[in-house]
Amino acid sequence: MKLLTLNFLTCARKTCKATAASFPLHCREVELEQVEMDPNPLFIKNMLPRLDWKAMKGLTQELGLPQLPNEAPSEEELQGADGEPTQVLNDLHTLLMETSVVSGKLVCGNCEYEYPVKDGIASFLLPSHMV
Amino acid sequence: MDYLIRFIQMHESFRQLEIEALAELHQLQFEWLFYSNESPFAIIRFINTEDPEGAAKSLISRSILSLAIHELWGIGTDYPTLHADVRHRTQHLWPQYLHSTFRFEIDAFHGSHSQASQRAIIESFSYTAFQGAIRMHNPDNQFTVFEDYTLNTTVPKRVYHGRRVAESGRKAVTKYSLKKRRYIATTSMDAELSLVTANLTLAAPGKLVYDPFMGTGSFPLACAHFGASVFGSDLDGRSIRGKPDGRNVHANFTQYGTSPLYLGGFVADLTNTPVRAAGRGGGRLLDAIICDPPYGVREGLKVLGSTRAALQEVVYLSDGTPAHLSQSYVPPKKPYSFVRMLDDVLAFAAGALVDGGRLCMWMPVAGATAEDEGEEEGGEEYAVPLHPALELVGECTQQFSKWSRRLLTYRRLQDSVIDHDRLSAYQTTRSTAQNGTAESKGTADDLNDFRRKYFQGFRDPTIPRKHERLPHTF
Ligand SMILES: [Zn+2]
């Protein structure tokens, strides 16, 4: 699961969703993988306004990855005058698209429930007393 | 100039909606001058464009349910009226084709010709006086005479002449054929309808599409074919993880060279979805949602949870550890109303789609055939689910021998045009329904008209296996 996808996911419990602590989920004992691929500047550009930047930044801190700036870059910062992708875009691409969680746990900051990740696939199934 | 779309004569109720979706995607405006579900030939006219030929190419390039688009050179109810129309529409164009190589074809729908009669038809167009060489392969231009016959008649009711402008995207149907795909299941949607559904979602480069019931990933794979980035989930984790030999959803993306577009799959239940709603710092996330929710024919639908009182509390194993933390723990599931599930999909879509984003959802029509009438009390046919924030763009129906299913397409309205009285009334009704206990007390049959109907009567051994939507197994 790409790190970008983590920005889409919160605790699955209905009672948690209203709380600020249920998003983002925290990575615990995670194993990361990096797979090189061609950048998709249009997609990154479209995703920027939809991302929770603070959550993204928190994630890089938690994982000990290169730090993100405090503010989300603007659309203009993604493309140089020559139309080529900028370093900002390439860094985002590496972080969001090339880096994946292979295994570990995603933990809710509110209820502490741990969602396991195995072979890159997270499970959000809840036991019945939590539904 | 006007344009002729040569459709395939199948899935008729999907054809116009597909072309209209592609027009919206490419920001093209056009009107239908002629369309009939009984004919593979339709005539359109572009509006507000300086480059209709470019528009025609864009419009058709991704279409699955058409073969090609042609510049319309004439229409007639017989050959004399066709020839008169061709002269009228195109005489001024003939000089520019004077020396180009060309090929001349006859496309007779429900009709056929001997070689001699084909030649006679082609020669009847000799007044255009083209002097270029005839080339069967890669000619500069291809001209076609289209004939539309009523079945079992010998004289066409309409004839058309056209110059081919561009081929459709239909080749993808062969490329994505389930026969060639590494990882499939009995429930995998066929390549053709997966690609059509992907077109209806307006999947395109730069967009984000989600399938909450992804199974072996047919829909996300089709959306990625059109360049969209995709992710999905399923209540049955085995369908995503796949087989021990490496056949899995990810392997399918690798097979088609679109793995950079696959953001990942996870195990989840739509009623307790981990996908965040908007307003948590970020905006609404999704450009499209595409899905074929399980119909629950075999086992009834399930959702996480249990109706057993004892399971409303934490269950401890004999060694004192909570059962749900054990490696082998299987969360219990309870019966779930199909109708409620559809409502959950719509509510989720309203919260997650960007303005103008689309939801494409398949559902069974159930019991709509005439022979079923009178056998049962009414109500077998599901109402089309609606949501105040979603505008129904269209419904398409696929008919099988004993049942049918339909594809519903919705568009997320801007908040400013949503009827807020309707929205608050909807939310009240919905929260009443959610807090009620009806669904937790009913049996799988009470909850699912389609399942009951399926077992009561219209089970027919002639229904091909693949059309029988197997439910998720647990
Ligand atoms: Zn939680």
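Helices and strands here are DSSP runs, helices of type H or I with at least four residues and strands of type E with at least two, numbered from the N terminus. With that convention in hand, select A:Pro24, which is found in the loop between helix 2 and strand 1 (26–34) of chain A. The model you have open is a predicted one, and the bond to inspect at this stop is the peptide bond joining A:Phe23 and A:Pro24, which is cis, with omega at about -5 degrees. As background, most peptide bonds are trans, and most residues other than glycine have a negative phi.

For a second backbone stop, move to chain B and select B:Gln27, which lies in the loop between helix 1 (12–25) and strand 2 (29–34) of chain B. Its phi is near 55 degrees, a positive value in a residue other than glycine.

Now return to chain A, show it alone and colour it by secondary structure. Its secondary structure comes to five helices and four strands, and if you follow the chain along the sequence the pattern reads α-α-β-α-α-α-β-β-β. The radius of gyration of chain A is 16 Å, close to the 14 Å that the globule rule gives for 131 residues, so the chain is as compact as a globular protein of that length. Along its principal axes, the C-alpha trace of chain A spans about 55 × 30 × 25 Å.

While chain A is still isolated, select A:Glu29 and A:Lys105, which form a salt bridge whose closest N and O atoms are 3.4 Å apart. This pair links distant parts of the chain, since A:Glu29 is in strand 1 of chain A and A:Lys105 is in strand 2 (residues 99–107) of chain A, 76 residues apart. Over all chains, a search of the whole structure finds 25 salt bridges.

Next, bring chain B back and select the boundary between the two chains, where 40 residues of chain A are in contact with 44 residues of chain B. The area buried between chain A and chain B is about 3400 Å², and carbon and sulfur atoms give 59% of it. Highlight A:Phe8, A:Arg50 and A:Leu125, which supply 21% of the area that chain A buries against chain B, more than any other three residues.

Keep A:Arg50 selected and add B:Asp287: these residues form a salt bridge, with the closest N and O atoms 2.9 Å apart. Across the interface of chain A and chain B, the rule finds one salt bridge, while the count of residue pairs in polar contact between these chains, both at pLDDT 80 or more, is 13.

Which elements give two or more residues to the side of chain A that touches chain B? They are helix 1 (3–6), helix 2 (14–17), helix 3 (41–47) and strand 4 (121–123) of chain A, and helix 3 gives the most, with four residues. By class, this side of chain A has 24 nonpolar, eleven polar and five charged residues.

For the last stop, select strand 4 of chain A together with strand 10 (residues 262–267) of chain B, which pair in the parallel sense over two bridges. Centre the view on A:Ala122, whose bridge partner in strand 10 of chain B is B:Phe266.

Methods. Residues are numbered from 1 along each chain as its sequence is written. Chains are lettered from A and ligands numbered from 1 in the order in which they are written. This is a predicted model: local features need pLDDT of at least 70, side-chain atom pairs count only at pLDDT 80 or more; totals for chains, interfaces and linings use all residues. Side-chain values use heavy atoms; hydrogens and water are left out. Contact means heavy atoms within 4.5 Å. Buried area is the accessible area (1.4 Å probe) that two parts lose on being put together, summed over both. A salt bridge is a side-chain nitrogen of Lys or Arg within 4 Å of a carboxyl oxygen of Asp or Glu. A polar contact is a pair of N or O atoms within 3.5 Å; within protein, one must be able to donate a hydrogen and the other to accept it, and residues adjacent in sequence count only if both atoms are side-chain atoms. Ala, Val, Leu, Ile, Met, Phe, Trp, Tyr, Cys and Pro count as nonpolar, Asp, Glu, Lys and Arg as charged, and the others, Gly among them, as polar. Two strands pair if DSSP finds at least two bridges between them. The radius of gyration is taken over C-alpha atoms; the globule rule is 2.2 Å times the number of residues to the power 0.38.
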